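User: I should like to understand how the descriptive terms applied to this model are justified. Please set each value against its criterion and then conclude.

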Amino acid sequence: MASPGLRELAKKLYYCEHCGLCRSVCPILRQSSQEESVGPRGRKTLFLGLAEGQLRPSPVLAEKFYLCTTCRACYFKCPAGIDIGEFSILARHELVKARAVSPFIRRVTSSVTDGVSRGDIFGASRTKAKWSRGLDIPVNGETLFFASCMDSSMAYGEALLRLLQIPLRIGERLVSASRTLQSIGLYHLFESVAQGSLGFYRNTLADTVKSLQILGVDVAYMRENEPCCGVALHTYGLVDEFSEHARKVQKIFAEKGVKRLITHNPICGAAFKTLYPQFVKDWNIEVKHVTEVIAEKMPQQDLRLPSKKATVTYHDPCFLARYMNVVEEPRTILRRIENIQLVEPPHNRLDTNCDGGGGVELLYPDVCQDIAESRVKELVSTGAQKIVSCCPVCALMLKEGIKKTGAKAQYVDIMTLFYEAAKGLHK
Amino acid sequence: MIEQIVQRLVRVVGQRNVLSSPEDLYPYSLDASLQYRAMPSLVVRPYTSEEVVEIVTLANKEKIPVVARGGGTNFVGGVVPVRGGIVLDLTRMNKILEINRTDLRCDVEPGVVHGDLEKELGKSGLFWPPDPGSSESCTIGGVLSTNAGGMRALKYGTARDWVLGLKVVLPNGEMIRTGARTLKSNVGYDLTRLIVGSEGTLGVITEASLKVRPAPEATSRLSAFFNEIEKAGAAVAKIFESGVTPVIVELMDRNVIRAVNEWLHLSLPDAEASMLIELDGTKEEVENTAKKVEHILAEAGATDVQRAASKEEMEQLYLIRREGQIALPRLTGKTTMPHDFCVPLSRLPEALRKVQELAEKRKIPVAILSHAGDGNVHPIFSVDVSDPSEMKRARELNEEICMMALDLGGTISGEHGIGMDKAELMEHECGENSLRVMRSIKKAFDPNNIMNPGKMAV
């Protein structure tokens with residue numbers, strides 16, 4: 001029987017007029033064959049069914065709620081202002097509590113819980129600060145650069161996604177076993193498996209900090225001691241665990257006297273900016289995305305890329321646009337680079353199209369990769385040679401989409417592009 | 001038994017297009033009426049007309065109800081499978097088959113989303129005038145089955161006026177073609193117009209030839225406020241008298257204006273009504289008629305008359321109409337339920353006043369949006385759907401409003417249709433004999449009563 005709390009939450013869904021506008025923008029629904037149980041309106045009805053006790057918690061029901069990238073496209077479309085993504089998470093919470101999720105989801109959630117508590121969702125806390133080697137960044141300071149384990153260790157995420165492509169669920173088993181492998185110290189093996197992409201994610205972080213330093217923004221970085229923000233716990237429905245973890249993180253920041261966080265990863269940024277205030281009492285740390293800081297501090301003089309003129313298109317990460325409300329700053333940065341021509345994809349800014357990330361890419365790699373392919377097709381339809389964005393999960397998905405579609409475009413992080421253009425300024 | 005039927009259906013449409021788990025079925029148990037719910041036994045998702053033929057043939061043989069469904073956006077319980085059976089989800093049949101600019105015709109499958117068709121036609125400089133509010137989510141099959149209208153119905157009429165012919169699977173599994181693919185046809189009984197608006201009770205539309213027209217060169221939008229609803233009514237009459245037929249004349253009552261003011265912290269005039277007018281035609285025509293309408297509005301006692309020149313300004317004038325629907329549920333904390341009736345233009349001001357009187361008596365907050373140019377009124381109820389006594393009062397109020405519309409020489413539905421919501425009121429409007437004719441038509445088409453049973457009192 002559903003909890004009274006769930007019934008209370010469901011009342012908000014009474015505002016829903018069932019108009020179905022949300023169906024027109026859902027990325028998951030677009031890749032499906034439009035069945036009603038898939039997509040925001042279906043999930044609304046299923047949530048009501050669960051809350052009213054008409055539907056029993058089950059792995060089949062859980063799948064409907066886990067099939068949501070929480071991209072918020074439906075929220076921005078909904079006349080009644082309902083964030084169905086939020087309800088997906090609430091339902092996941094309920095279903096995890098009832099142990100009504102598939103064994104694979106259970107293994108992933110337990111792996112995430114373990115990872116988060118050890119400071120890195122991929123279990124790679126021992127290697128996560130490698131990107132900062134050779135850089136002069138203090139460990140203490142009021143303004144913290146929050147590197148995010150998703151950013152520093154996303155190469156492992158890529159490796160996991162590769163594994164999941166092995167048929168016959170062998171991949172799922174390997175992914176499930178990855179935590180054990182990590183804990184017994186086999187991360188060295190992962191280092192070599194992920195070799196190809198480690199450089200990309202690590203350079204992105206290094207370029208980000210170097211860019212901030214060029215502009216005279218002093219930041220500190222906690223290195224191996226940087227906690228994980230824990231957003232993945234929330235995403236997978238481990239809401240109580242997230243709440244507890246968030247309080248611990250606040251304590252760590254308070255002890256260090258942190259007043260400001262600058263993130264590159266908009267998913268962690270969104271967690272600090274929108275979730276922490278809901279879960280942590282007296283959360284008063286200012287949170288900014290690095291593009292906000294750069295756009296503000298950027299010199300008036302025009303910058304040039306050392307290479308020849310490039311046509312680039314910008315992909316708005318859902319978490320940056322629809323959670324952190326940052327859409328113009330990345331464009332300001334790109335427009336100030338003289339030999340860049342910025343072309344907008346049909347879906348841009350708050351109307352952006354999700355690329356299949358959002359934390360469920362490891363649960364439903366097939367669907368999510370289809371979404372990535374479709375977004376890449378849209379992005380390259382602009383004629384751009386470079387797809388620019390600023391999110392490790394978008395990087396993962398868009399790079400995957402480029403590979404799958406064979407698109408003649410390269411994925412570049414906005415901070416790498418900025419650093420390339422700005423490094424000549426001064427040091 | 002059900003297992004055998006499932007097996008046979010799986011052979012027709014494949015395993016993944018026969019849904020039978022409670023989790024898959026539950027979302028098909030309701031539509032935008034939100035007050036009627038019933039679980040289907042199965043959901044079947046065909047891809048071709050031939051598959052529909054096989055499914056319906058089987059259902060007819062086994063006397064299993066079949067409820068054809070598109071976007072599920074109707075307000076009257078039209079696709080709620082009240083007798084169980086098969087929900088035929090047609091959203092996979094979503095191909096635009098042909099757009100023929102010379103013949104001014106386009107052929108579509110029923111699952112095409114209205115907004116998608118509008119976009120595609122737009123690329124060829126064409127448009128299909130029916131414009132239901134749910135354009136981005138409703139399907140052409142649903143638009144036709146419910147004879148949907150929309151704001152542009154004032155100038156262009158409803159779906160029924162824009163369809164040339166249909167391909168329909170009858171309840172016995174036979175496939176027929178109705179109408180023609182020409183702009184005119186005068187051959188026998190007009191089965192096309194009978195099936196359009198029959199709410200899925202006579203057969204399943206599997207293809208439609210729609211009449212399209214070149215998109216107008218220009219549009220212009222005006223807005224105005226009125227301190228008395230009668231003056232607004234008089235203004236509409238004057239506009240028609242002057243020979244101008246606007247595309248849209250929308251009226252929003254004081255409750256809508258107040259909700260928008262409160263929601264967006266604006267200070268729009270606290271008038272009794274706000275009016276939105278849209279004109280289309282050639283650039284020159286639009287410019288001239290807009291001036292004329294501006295003049296008429298001012299003479300009729302309108303205040304704050306504004307005309308939009310740019311696209312942004314046009315959007316701005318649409319503010320009350322658009323934001324009204326957003327503001328109402330958020331301010332009341334309740335579910336908004338749009339209802340529907342239509343009266344002769346001369347009785348519109350009287351009808352609007354009576355709705356408010358009746359609403360006050362039943363203690364149900366009601367705001368009014370009206371396609372005032374054709375006398376179509378949508379009283380928007382704000383109700384707590386979890387409170388049975390409030391829902392009962394809301395149903396009684398809806399009934400009283402419908403009876404009031406009949407008293408004023410109007411009709412119980414301008415565009416939402418009958419479904420389950422107004423089935424009991426059918427006889428009041430149509431009379432016993434008319435209803436008997438309808439029932440015999442139903443029987444001729446569907447002797448086993450398998451097509452969307454329990455709807456429209458047939």
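Analyst: In this predicted model, chain A has 20 helices and 7 strands.

User: What makes chain A as compact as a globular protein of its length?

Analyst: The radius of gyration of chain A is 21 Å, and the globule rule gives 22 Å for 427 residues. The two values are close, so chain A is as compact as a globular protein of that length. Its C-alpha trace spans about 65 × 45 × 45 Å along the principal axes. Of the 427 residues, 57% count as buried. Among contacts between residues at least 6 apart in sequence, 80% join residues at least 24 apart.

User: How is chain A divided into domains, and how many residues of domain 1 are in contact with domain 2?

Analyst: The assignment gives domain 1 (4-101), domain 2 (128-294) and domain 3 (299-422). With contact taken as C-beta atoms within 7 Å, 6 residues of domain 1 of chain A meet 6 residues of domain 2 of chain A. On the domain 1 side, these residues comprise 3 nonpolar, 2 polar and 1 charged.

User: Why is helix H8 of chain A called largely enclosed?

Analyst: A residue is buried if 20 or more other C-beta atoms lie within 10 Å of its own. By that criterion 14 of the 16 residues of H8(A) are buried, so the helix is largely enclosed by the rest of the structure. Helix H8 (residues 149-164) of chain A also has a kink of about 50 degrees, centred on Ala155(A).

User: What is notable about phi of Asn325(A), and why does Asn325(A) count as partly exposed?

Analyst: Phi of Asn325(A) is near 60 degrees, a positive value in a residue other than glycine. Asn325(A) lies in the loop between helix H16 (318-323) and helix H17 (328-335) of chain A. Partly exposed residues fall between the exposed limit of 12 or fewer neighbours and the buried limit of 20 or more. Asn325(A) has 14 C-beta neighbours inside 10 Å, so Asn325(A) counts as partly exposed.

User: How do you know that the term partly exposed applies to Arg349(A)?

Analyst: For Arg349(A), 13 other C-beta atoms lie within 10 Å, so Arg349(A) is partly exposed. Arg349(A) has a positive phi of about 55 degrees although it is not a glycine. The loop that holds Arg349(A) runs between strand E5 (340-343) and helix H18 (365-380) of chain A.

User: What makes up the largest nonpolar core, and which residues have the most contacts inside it?

Analyst: Membership requires buried nonpolar residues joined through C-beta atoms within 7 Å. The largest such core has 208 residues, and Val66(B) and Leu88(B) have the most contacts inside it. H8(A) provides the largest share of this core, 9 residues. A second, separate core of 64 residues includes Met151(B), Ile229(B), Leu297(B) and Leu317(B). Not counting residues up to four places away in sequence, Leu88(B) touches Val44(B), Pro46(B), Ile55(B), Val66(B), Val67(B), Ala68(B), Arg69(B) and Val204(B).

User: How many residues does each chain bring to the contact between chain A and chain B, and which elements of chain B take part?

Analyst: The contact takes 32 residues from chain B and 27 residues from chain A. Helix H2 (22-25), helix H12 (319-332) and strand E16 (335-338) of chain B each supply at least two residues of the side that touches chain A. H12(B) gives the largest share of that side, 4 residues. The chain B side divides into 11 nonpolar, 12 polar and 9 charged residues.

Note on methods:
Residues are numbered from 1 along each chain as its sequence is written. Chains are lettered from A and ligands numbered from 1 in the order in which they are written. This is a predicted model: local features need pLDDT of at least 70, side-chain atom pairs count only at pLDDT 80 or more; totals for chains, interfaces and linings use all residues. Domain bounds come from an automatic or database domain assignment. Two residues are in contact if their C-beta atoms, placed from the backbone, lie within 7 Å. Ala, Val, Leu, Ile, Met, Phe, Trp, Tyr, Cys and Pro count as nonpolar, Asp, Glu, Lys and Arg as charged, and the others, Gly among them, as polar. The bend at a residue is the angle between axes fitted to the seven residues ending there and the seven starting there. The radius of gyration is taken over C-alpha atoms; the globule rule is 2.2 Å times the number of residues to the power 0.38.
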